[in-house]
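Trainee: Could you take me through one part of this model closely, the open sheet in chain B, and then show me how its surroundings and the other chain compare as places to look? I would like one connected walk rather than a list.

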Amino acid sequence: MTGAYRFSCCFIAVIGLCLTAEPSAAEQPLTPDDVQKLANRIDDLIAEKWKENDVVSTSPSDDAEFLRRVWLDVAGKIPTAADSQDFFDDQSSDKRRRVVDELLNGPNYVVNSANFWRAVLIPEADTDFNVQFMLPGFESWLRQRLDEDKAYDDLVREILTMPVSGTNAFRNRNTLNPIAFYESKEIKPENLAAATSRMFLGIRIECAQCHDHPFDTWKQNDFWGYAAFFAAMQREPQRGSNGFLSQLKELFSQRTLTVPGTDEVVKATYLTGESPEIPAGTSARMTLADWMTSKDNPYFARTAANRVWGHFFGIGIVHPVDDFSELNPPSHPKLLDVLASELVKHDFDMKFLVRAITASRTYQLTSSVRSADDVTDPRLFSRMSVKGLTAEQLYASIGQAVGTHETFEESQRGRFQGGTTRARFIEEFSDSNSEPTERQTSVLQALSMMNGRLINDATGLQSSRTLAGILDYPGFDNSRRIETLFLATLNRRPRPDELERFVAYVDSSTAEEPPGKRQPGEKQRFEKRDKALSDVFWTLLNSSEFSLNH
Amino acid sequence: MSAAFKAESLIGRNSVSRRDWMRMAAAGVAGSSMSGWLEELAADTVAHKSRRRSVILLWMSGGPTQIDTFDVKPDHVNGGPLKPISTSVPGMQICETLPKLSRMMEHIVPIRSMSTKEGDHSRGTYHLRTGYLPQGPVHYPTLGSLLSNELGVENSRLPNFVSISPFRRFNPAAYGPGFLGPRSSPLIVGDGGRVVFPDENATYEQSLQVRNLDQADDVTLSQADRRLAMLNDFDSGFRRSHPGTPTASHASAYSQAVRMMRSHAVKAFDLDEEEDTLREAYGKNQFGQGCLLARRLVERGVPFVEVSLNGVQGNQNFGWDTHSNNFEAVKTLTSVLDPAWATLLNDLNLRGLLDSTLVVWMGEFGRTPRINGSSGRDHWAESWTTVLSGGGVQGGQFFGETTPDGMKVKDRPVSAADLLATICHAVGVDPMGQNMSNVGRPIRIADPEAKPIMEILA
């Protein structure tokens with residue numbers, strides 16, 4: 001009882017704080033370099049904490065490390081050897097900023113961020129066959145909106161207000177709309193309430209579904225009041241079908257919900273405790289969307305900003321990224337305020353946040369340390385964390401490294417995942433643990449990388465395009481060949497000791513036999529050399545440096 | 001402020017990954033020498049001093065009927081046409097579909113008072129296999145991951161959790177390690193393994209092999225060894241300079257994979273080593289040979305093996321979903337189940353492994369006592385049966401009872417969480433042990449409200 005009261009006060013206090021701490025959006029004119037200004041602000045606020053904790057950051061990353069990281073984070077795959085070479089050769093001082101701009105304008109950004117938001121919005125698809133089946137229309141819709149540069153608040157609004165009457169996600173699985181969001185939550189008010197509050201507000205209210213929240217201050221009635229916004233949707237009854245193929249409808253007259261197992265009828269109520277007037281003849285979800293995506297709703301912008309931060313650093317300022325609660329305070333409250341208010345000021349343009357975060361010195365710190373003893377608390381952001389790749393990122397990166405090219409249409413659009421090499425790979429490498437700094441490799445995945453067909457074809461003398469290219473390239477000696485393999489996989493040049501060892505390995509394969517034995521002919525020598533280079537390529541593709549984002 | 005911040009983060013949310021990393025580091029994967037992996041193999045030092053307990057889960061995909069197996073109802077119309085038979089334990093009767101098992105009743109405890117909450121395949125599968133309801137953002141691990149995580153040995157030659165021909169399509173999450181992560185995921189063999197695209201043409205023998213265990217055809221063994229040595233050498237630098245869970249886990253997975261590739265322990269998968277008469281006794285089909293493989297794995301110290309019986313003829317998916325022609329279907333299914341399970345218990349017993357191996361039989365729910373218009377039985381979670389057999393339990397008794405029509409549990413209803421907690425106790429695991437979850441709070445192995453059935457424990 002007192003708990004709920006305390007929370008309401010706290011919630012309002014947070015709103016108040018937010019509104020007074022940062023001047024509101026319209027008053028400040030935008031300057032041309034807002035990006036750099038925010039990047040500096042990030043660095044200042046992060047460095048303050050280092051000082052308090054007596055921590056020294058790692059050094060700045062070099063060009064190779066930065067380029068690989070920013071490609072993986074923004075474009076979802078590693079750069080090609082040529083991209084790396086061009087970037088190293090570029091002498092201009094703003095090249096790091098420019099490469100981010102170029103990536104944000106390219107198709108890979110659209111694919112990567114669609115994968116990212118799909119995983120956030122419909123995590124069910126990773127494990128549920130039926131939900132997977134409904135994805136094509138949803139994914140195409142999402143890519144289209146991202147390609148159009150739709151602002152984040154508009155995107156969420158479109159999801160929340162989508163007219164559902166007359167739709168069916170199974171039958172019309174290629175229609176471009178977000179209906180799969182509703183179907184994946186089984187159009188149940190409780191599932192939609194839990195999902196939307198967690199995804200868009202960072203509030204995990206779902207525990208209050210069955211009982212008052214054990215750790216937090218949510219009461220069961222708060223949950224069901226919020227769920228009532230979704231109470232009007234149902235499936236059209238259909239004879240002779242077990243239901244999932246029938247159409248959805250929404251009864252605008254249905255404005256309340258009966259708490260299951262009780263007689264209690266609740267009205268649609270915001271998490272702030274207020275029950276709005278819902279205009280007759282409209283969906284309650286329209287009213288909810290107004291409140292949810294409002295610039296004055298501090299949780300909405302903060303959750304979005306925190307999620308983006310979490311994507312780039314592997315760890316949120318509030319962590320886990322969708323768990324805002326009194327018991328889980330942000331590591332850098334001020335920074336979170338700043339990021340959220342800047343996002344609001346820039347009309348929820350996510351690309352603006354991406355530009356500022358990637359321009360910060362904090363993002364550009366090296367992930368390399370002398371030893372494990374030098375690892376500081378990752379929540380201080382004094383070193384870039386090592387992140388695991390998603391299955392999609394790893395597959396696309398292998399494609400970049402080995403020179404295969406899968407067209408956008410073939411791999412993504414409207415195609416049911418079945419039987420393709422990509423679908424099998426994604427299935428084998430998917431990890432339902434979405435924390436990038438906690439991702440793990442399984443034994444089956446290791447076996448597949450070492451002995452499976454994908455990597456074997458990629459490094460085989462008959463089938464590998466990258467290998468064929470470097471073997472035939474005129475004027476290349478073994479060190480240039482090895483250098484190129486490094487650029488294609490690790491996006492850096494080998495260090496002298498590495499180069500020396502790999503060259504020695506390849507050279508020794510063609511060394512002369514001891515006197516008395518038959519000397520190999522020229523053709524056999526080439527074969528042996530090529531085989532040794534394929535071993536080098538295999539080694540690089542199987543290395544942790546290749547498989548991780550660092 | 002600063003000290004508090006530090007302390008909180010050291011013992012707080014990151015403690016599990018830190019602990020894991022330390023464990024992996026201690027296991028020698030974080031900074032091994034030039035040819036570390038292969039040297040380790042030559043030394044061949046890992047020995048199982050004291051045998052730990054193991055679990056074999058026989059999973060009946062689709063939901064097995066209770067009345068036509070262990071909860072006979074001869075005096076009621078719901079009992080159907082199949083007859084009860086007496087067993088090796090006086091006073092205990094089971095269905096005629098299980099003649100071989102009926103002779104081994106002293107090792108078997110049917111729990112006839114299962115009463116669970118999900119009658120849908122997908123949700124029921126998740127519920128029974130994790131002990132929790134599918135709800136919210138927590139990714140609960142499957143019981144194989146949970147128990148192998150407790151019973152398993154770090155650095156073992158064989159994986160701690162092997163899943164044989166699982167049919168995962170109903171709910172792949174119910175077959176995965178959830179928040180325990182890929183380190184606790186099963187090694188899957190059998191062509192039911194693929195969610196997306198099972199290979200329907202593989203024979204059962206091919207399908208019981210581990211995929212990708214051998215180097216590719218055009219790579220020689222010595223070349224593969226050179227590659228592995230070079231990889232371990234090259235990677236050691238990155239492992240030192242880039243510590244963290246993803247790096248440690250990559251190293252650990254590779255070293256386990258190499259150990260399997262090069263260890264003779266992998267001979268466990270070579271069923272040709274067994275006498276043909278024994279192979280016949282298990283049944284020359286995927287499930288029968290899967291049970292034989294399970295025994296071979298348990299014998300070599302693998303703490304959790306599951307074997308799925310998905311069907312007998314045609315599509316192998318959810319054969320126990322007998323909405324029509326239940327009685328014919330059950331006869332066919334039990335003609336595979338009965339010899340395989342009975343031979344497994346006998347074989348384990350002869351090798352002195354039965355006391356330390358718990359064999360569990362269950363599906364996602366039972367089937368309606370009432371027989372429908374197509375001579376079938378539909379989904380039923382209200383009153384149904386699971387079975388514990390072998391080590392850790394006192395066989396030769398029923399636990400719980402249903403009403404004469406089978407529609408209600410008479411007394412002692414057993415929930416999915418109760419069952420999981422009982423399995424834990426039977427193999428010496430504390431069901432109230434905790435793991436850090438993906439939502440940043442600890443979750444107990446079994447739901448805290450679970451009441452284990454202490455009366456049937458040995």
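Mentor: Gladly, and let us start with the sheet itself. Seven strands of chain B form an open sheet with mixed pairing, in the order β4-β11-β8-β1-β7-β5-β6. Its edges are β4 (108-114) and β6 (187-189) of chain B, each with a single partner strand, so one side of each is left without a neighbour in the sheet. From one strand to the next, the twist averages 15°. Please keep in mind throughout that this is a predicted model.

Now step into the sheet at β1 of chain B, residues 54-60, which pairs in the parallel sense with β7 of chain B, residues 304-309, over six bridges. To find the register on screen, look for Leu57(B), which stands opposite Glu306(B) in β7(B). A helix belongs in this picture as well: α12 of chain B (residues 326-350) packs on the sheet and touches β1, β4, β7, β8 (357-363) and β11 (384-390) of chain B. The direction of α12(B) makes about 165° with that of β8(B).

From β7(B) we can move along to β5(B), since these two strands also pair in the parallel sense, here over four bridges. Val162(B) stands opposite Val305(B) in β7(B). On its other pairing, β5(B) runs in the parallel sense with β6(B) over three bridges, and there Ile164(B) stands opposite Val189(B). In general, strands of a sheet pair through backbone hydrogen bonds, either parallel or antiparallel.

Which way do the side chains of β5(B), residues 161-164, point? Phe161(B) and Ser163(B) point one way, while Val162(B) and Ile164(B) point the other way, and all are buried. Continue past the end of the strand and you meet Ser165(B), in the loop between β5 and β6 of chain B. Ser165(B) is worth a pause: its phi is positive, about 45°, although it is not a glycine. At 1% relative accessibility, Ser165(B) counts as buried too.

While we are in chain B, let us look at two cysteines. Cys95(B) counts as buried at 1% relative accessibility, and Cys424(B) is buried with a relative accessible area of 0%. With a sulfur-to-sulfur cut-off of 2.5 Å, the count of disulfides over all chains comes to zero.

Chain A gives us some helices to set beside the sheet. There are 25 helices and six strands in chain A, and 58% of its 550 residues count as buried. Among its contacts between residues at least 6 apart in sequence, 70% join residues at least 24 apart.

A good pair to view is α2 (residues 34-53) and α14 (residues 333-345) of chain A, whose axes come within 10 Å and cross at roughly 165°. That angle makes α2(A) roughly antiparallel to α14(A), and the crossing is left-handed. From α2(A), the contact is made by Leu38(A), Arg41(A), Ile42(A), Leu45(A) and Ile46(A); from α14(A), by Lys334(A), Leu335(A), Val338(A), Leu339(A) and Glu342(A). As a reminder, an α-helix has 3.6 residues a turn, so residues three or four places apart point the same way.

Another helix of chain A, α19 (residues 443-451), has nine of its nine residues buried, so it is largely enclosed by the rest of the structure. Among those buried residues are Gln445(A), Ser448(A) and Asn451(A), along with Val443(A) and Leu444(A).

Finally, the loops of chain A hold a few backbone details. In the loop between α13 (298-313) and α14 of chain A you will find Pro320(A), and the peptide bond to it from His319(A) is cis, with omega near -5°. Phe381(A), in the loop between α15 (350-359) and β5 (387-388) of chain A, has phi near 55°, a positive value in a residue other than glycine. Phe381(A) is buried, with a relative accessible area of 3%.

Arg173(A) makes a last stop, in the loop between α8 (152-161) and α9 (179-184) of chain A. Buried means under 20% relative accessible area, so Arg173(A), at 16%, counts as buried. Its C-alpha atom is separated by 5.0 Å from that of Met134(A), 39 residues apart along the chain.

Terms used
Residues are numbered from 1 along each chain as its sequence is written. Chains are lettered from A and ligands numbered from 1 in the order in which they are written. This is a predicted model: local features need pLDDT of at least 70, side-chain atom pairs count only at pLDDT 80 or more; totals for chains, interfaces and linings use all residues. Side-chain values use heavy atoms; hydrogens and water are left out. Buried means under 20% relative accessible area, exposed over 50%, partly exposed in between (1.4 Å probe, protein chains only). Two strands pair if DSSP finds at least two bridges between them. Axes are lines fitted to C-alpha atoms, for helices over the stretch in contact, and angles run from 0 to 180 degrees between N-to-C directions. Contact means heavy atoms within 4.5 Å. Angles under 35 degrees count as roughly parallel, over 145 as roughly antiparallel, 65 to 115 as roughly perpendicular and the rest as oblique. A crossing is left-handed if the near helix is turned anticlockwise from the far one by less than a right angle, and right-handed if clockwise.
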